[in-house]
Amino acid sequence: MSLQDLKIKTFEEYQYQYQKSVNQPELFWDEIASHFTWKKKWNKVLSWDFEKLDVKWFEGATLNITENIFERNLPTLKDTPAIIWEPNSTDTENKTLTYQELYEAVNQCANALKALGVGKGDRVCIYLPMVSELAISVLACARIGAVHSVVFAGFSATSLSDRIIDAEAKLVITADGLRRGAKTVALKEVVDEAVKNTPSVEKVLVLNVLNENIQFNPSLDVKWEEIVPQQSTECTAEEMSSEDYLFILYTSGSTGKPKGVVHTCGGYMVYTAYSFTNVYQYTPGDIHWCTADIGWITGHSYIIYGPLLSGATTVMFEGIPTYPDAGRFWEIVEKYKVNQFLTAPTAIRSLMAFGEEPVEKYNLSSLKVIGTVGEPINEEAWHWYAKHVGKDVCPVVDNWWQTETGGIMISGIGNLSPQKPTFAGYPLPGIQPVLLNQSGEEIQEHEVEGYLCVKFPWPSMIRTTYGDHQRCIDTYFSNYKGYYFTGDGAKRDADGMYRIIGRIDDVINVSGHRFGTAEIENAINEDPQIIESAVVGYPHPIKGQSIYAFVVSDHPIDKQDEARKSILETVTNIIGKIALPEKIQFVSGLPKTRSGKIMRRILRKVAEGEIESLGDTSTLLDPSVVEEIVKNRI
Ligand code: WTA
């Protein structure tokens with residue numbers, strides 16, 4: 001059976017499938033899952049309990065996700081490109097791996113992992129640039145049943161170290177360095193620093209990307225070139241239970257350190273392929289390009305797993321949208337005749353700033369569906385994208401989802417569903433979103449706003465947070481009993497379409513990257529001269545949101561420039577450059593209630609420039625701090 005049979009072809013069929021998925025969810029998913037290759041079939045499609053967070057899909061079934069990518073597709077797609085890799089620099093040669101070549105490369109890497117002592121259930125931390133070996137490493141882990149934990153290569157040594165320790169990773173896979181635009185970053189140095197205090201790490205596998213002379217530690221480091229290429233190109237796939245862990249991916253929430261979101265083999269496979277085929281209306285032969293980094297969930301699900309399970313050709317781009325110039329994305333679309341393109345609103349907004357010339361220069365007629373993901377898209381960016389990239393013929397699919405949801409939840413489906421700028425649209429079949437009011441009751445009406453929750457399980461949902469199940473329950477399943485709480489607010493229009501407003505918790509979304517305010521505050525507070533700090537997000541024309549930090553410090557007033565520099569350095573060291581506050585305001589005190597709680601509402605208004613509507617400040621311990629904050633705001 002082909003996964004193409006899962007493709008919905010009309011809006012009426014979508015409505016029919018949606019109703020079926022709500023009325024008979026087990027039958028619905030049973031039929032969909034039957035299109036995949038399982039070693040053993042399930043005894044039960046679904047069992048679930050949101051209170052204890054015990055969700056099992058396809059219990060009793062066994063499979064290996066890479067057999068569904070390779071063994072299943074190879075008979076027809078052996079010589080079809082699986083990955084087209086486009087380098088950062090236009091002077092470097094690109095690379096294509098056919099399904100057969102990728103299969104062999106994955107098997108060699110899988111055998112090397114085994115030779116390094118990695119087995120089923122072991123965690124492997126992958127800290128690599130966007131080179132094809134990143135996808136190969138991910139799939140090699142899946143082949144042998146090791147659990148991959150990819151860490152975005154922009155995170156600092158401290159962040160990397162925290163993630164390695166939390167996952168108790170046995171192996172770290174990295175490279176000497178990475179290229180990003182005109183810059184290079186010495187990745188291996190970051191890893192050397194990170195593994196100083198990580199007792200679980202037995203080996204570091206180092207890929208040569210830059211030909212840099214790196215410091216080599218013979219007791220820990222192994223060169224990729226010295227162990228991977230000589231391995232056999234055959235490797236039997238490990239038989240995995242449907243609910244065995246496939247991967248961990250760390251993400252930020254409103255409290256504490258980032259959490260390791262866990263996804264499992266069977267459900268994740270079914271849902272990423274199903275959502276990919278439908279949202280992008282994938283047709284065999286299509287070239288799919290998602291510009292995300294594999295360090296984030298979008299790259300996991302819609303560069304690697306979704307497209308490759310479906311037999312698509314997936315483009316992997318090492319560079320950035322503006323290097324060597326602002327036409328790079330469109331040059332790549334033209335070069336590979338990309339059919340489906342997926343990017344983030346931040347990228348669209350940053351390219352809009354360069355005008356129409358760079359995009360009008362290229363032939364984009366191959367495009368059929370264009371997508372946006374990661375943050376709310378504003379009206380202007382939506383129209384620019386639809387007009388200049390989609391030429392008013394490609395549907396714009398706005399994909400709302402999260403690291404925790406594993407796959408796209410609410411979105412247009414190719415050109416089947418009605419479009420409304422800035423609205424993600426309708427839920428995909430199998431997804432039952434609800435809006436709750438402040439008392440936690442479901443709002444039934446249309447034309448309302450509320451807290452976005454999901455009331456029924458779906459196959460690729462989060463199963464736990466690694467090493468701390470209770471934290472997962474507390475974070476997602478306790479605010480509103482019986483619901484998965486997304487942390488987002490949303491609006492539903494008269495036709496039942498959803499528009500995502502944004503986070504209603506203390507999470508800031510900067511250029512599509514998630515950070516918890518507490519996470520950034522903790523980093524700032526590490527600076528010895530800082531007494532306390534409060535961080536809020538404020539609207540930014542390109543990044544969507546940016547970070548504003550209010551800081552109480554010991555630094556003398558005339559040394560504030562130095563203090564600012566020191567804070568930026570501290571945040572860079574603890575989290576990474578991606579989390580730097582754009583504005584730092586030194587204040588003599590933070591607005592607090594009498595019980596000592598920081599009134600973020602007020603700080604948010606100040607950061608947004610809405611100083612006329614600060615609301616009631618009389619309950620504050622010391623209302624005069626607000627006057628000072630307003631007076632000196634940046
Ligand atoms: C936001 C990225 C509006 C949202 C896939 C969510 C969006 C968070 C959209 C998850 C969208 C993601 N429209 N907002 N299409 N997609 N978001 O875990 O606030 O990196 O909760 O997953 O991004 O970010 P994450």
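In this predicted model, a good place to start is the ligand, where a backbone N or O atom of P376 lies 3.4 Å from one of the ligand's nitrogen atoms. G374 makes a similar kind of approach: a polar backbone atom of G374 is 3.1 Å from a nitrogen atom of the ligand. With R514 it is the side chain that takes part, one of its polar atoms lying 2.7 Å from an oxygen atom of the ligand. Taken alone, the ligand would expose 520 Å², and the protein buries 97% of that.

Who makes up these surroundings? The elements that each give two or more residues to the shell around the ligand are α11 (297–309), β20 (396–399) and β25 (498–503). In total, 16 residues surround the ligand, and the closest are D398, N399, T403, D488 and R514. R514 thus turns up twice, once in that closest group and once through its side-chain contact with a ligand oxygen atom. Sorted by class, the shell comes out as five nonpolar, six polar and five charged residues.

Away from the ligand, aromatic rings are the next thing to look at. Searching the whole structure turns up 40 aromatic pairs. Take F70 and Y103: the ring centres are 5.5 Å apart and the planes meet at 50°, so this pair counts as tilted, the label for angles that are neither under 30 degrees nor over 60. The two residues come from distant parts of the chain, 33 residues apart, with F70 in the loop between α3 (65–69) and α4 (74–77) and Y103 in helix α5 (residues 99–115). F70 and Y103 are both buried.

Y538 and Y548 give an edge-to-face pair, with 6.0 Å from centre to centre and 80° between the planes. Here the link runs between two strands, since Y538 sits in β28 (residues 530–540) and Y548 in β29 (residues 544–553), 10 residues apart. Like the previous two residues, Y538 and Y548 are buried.

Some rings gather in a group. One aromatic cluster is formed by F28, W29, W38, W42, W57, F58, Y271 and Y274.

Finally, charged side chains also meet aromatic rings. R163 lies over the face of F155, 4.3 Å from the ring centre. In the case of K420, the charged end sits over the ring of F423, at 4.4 Å from the centre of that ring.

Terms used. Residues are numbered from 1 along each chain as its sequence is written. This is a predicted model: local features need pLDDT of at least 70, side-chain atom pairs count only at pLDDT 80 or more; totals for chains, interfaces and linings use all residues. Side-chain values use heavy atoms; hydrogens and water are left out. Rings of Phe, Tyr and Trp (its six-membered ring) pair if their centres lie within 6.5 Å; planes under 30 degrees apart count as stacked, over 60 as edge-to-face and the rest as tilted. Helices (H or I, at least four residues) and strands (E, at least two) are DSSP runs, numbered from the N terminus. Buried means under 20% relative accessible area, exposed over 50%, partly exposed in between (1.4 Å probe, protein chains only). A charge sits over a ring if NZ of Lys or CZ of Arg is within 6 Å of the ring centre and within 35 degrees of the ring normal. A residue is near a molecule or strand if one of its heavy atoms lies within 4 Å of it. A polar contact is a pair of N or O atoms within 3.5 Å; within protein, one must be able to donate a hydrogen and the other to accept it, and residues adjacent in sequence count only if both atoms are side-chain atoms. Accessible areas come from the Shrake-Rupley method with a 1.4 Å probe; for residues, only the protein chains shown count as cover. Ala, Val, Leu, Ile, Met, Phe, Trp, Tyr, Cys and Pro count as nonpolar, Asp, Glu, Lys and Arg as charged, and the others, Gly among them, as polar.
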